[in-house]
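User: I should like to understand the terms used for this structure. Please explain them one at a time.

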Amino acid sequence: IISSGILAIGVSLQDIISDFASGIIILSTKLYIEGDYVEINDSIAGSVKEIKMMTTVLTTPNNIDITIPNSTATKGKVTNYNVNEFRRVDLVASVAYGTDIEETKKVIKYIVLQDKRVDQNQPITVAVKAMSASSVDFAVRCYVAKGDYWDVTFDLNEKILIEFAKRNIEIPFSQLDVNLYNGGNKKLGKIKTSDITEDMITPHKSEASEEKPVYEIDKVLKEAKKK
């Protein structure tokens, strides 16, 4: 009976002992310290408010405190955004097809270099990232002090938008090309969704529309079936 009781107590205390040992590991190895912004297991993120012996308290960006067991951090994946002095800002700037690529790159790089918070001793990248369905996407990358990361991110996005408008650089929107064909499979032309009016998409009934058109391929198949 005594042995069974000791075993039951040991099993119930296993998690507590694990969290206590994990707290010692976190404090001794400085896996993170108070004030660091961390993300744990790609699901829990926030600033470290307090490290206790068995739990860690995180404050999320919307000012909510989350308490997690220390073993969750030591057994899982911890992303610490405050370890390094600089962080890389990654932006995407999109322009319409037909825009002068080299001119656009110069404009974007000029905007980045104008911001004094950007560290010019580290690489600044402005390059075509992808050719999307309706746009040419530029990757914009630069390094800033970790404390300036979000301010620079927001400011650069705004400045790029304003500068594009000043220089008449077209910012794209989703487009759809529609090709029209008549009954003889002859192409009538191309229209854009912006050219479509309500009358064009409203169904109309007429004597001609009630009859199903007979295409050339249908005639050939019909004749072959007769033979």
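Analyst: Helix 4 contributes the most to the lining of the largest pocket, with three residues. Helices are DSSP runs of H or I with at least four residues, strands are runs of E with at least two, and both are numbered from the N terminus. The model is predicted: local features need pLDDT of at least 70, side-chain atom pairs count only at pLDDT 80 or more, and totals for chains, interfaces and linings use all residues. Residues are numbered from 1 along each chain as its sequence is written, and side-chain values use heavy atoms, without hydrogens or water.

User: Why is Ser 135 called buried?

Analyst: Buried means under 20% relative accessible area, exposed over 50%, and partly exposed in between (1.4 Å probe, protein chains only). Ser 135 has a relative accessible area of 9%, and is therefore buried. Ser 135 lies in the loop between strand 7 (125-131) and strand 8.

User: What makes the link between the side chains of Ser 135 and Asp 137 a polar contact?

Analyst: A polar contact is a pair of N or O atoms within 3.5 Å; within protein, one must be able to donate a hydrogen and the other to accept it, and residues adjacent in sequence count only if both atoms are side-chain atoms. The side chains of Ser 135 and Asp 137 are joined at 2.9 Å, so the cut-off of 3.5 Å is met.

User: Which residues does Ser 135 touch, not counting those up to four places away in sequence?

Analyst: They are Ser 94, Val 95, Tyr 97, Ala 130 and Pro 172, where contact means heavy atoms within 4.5 Å.
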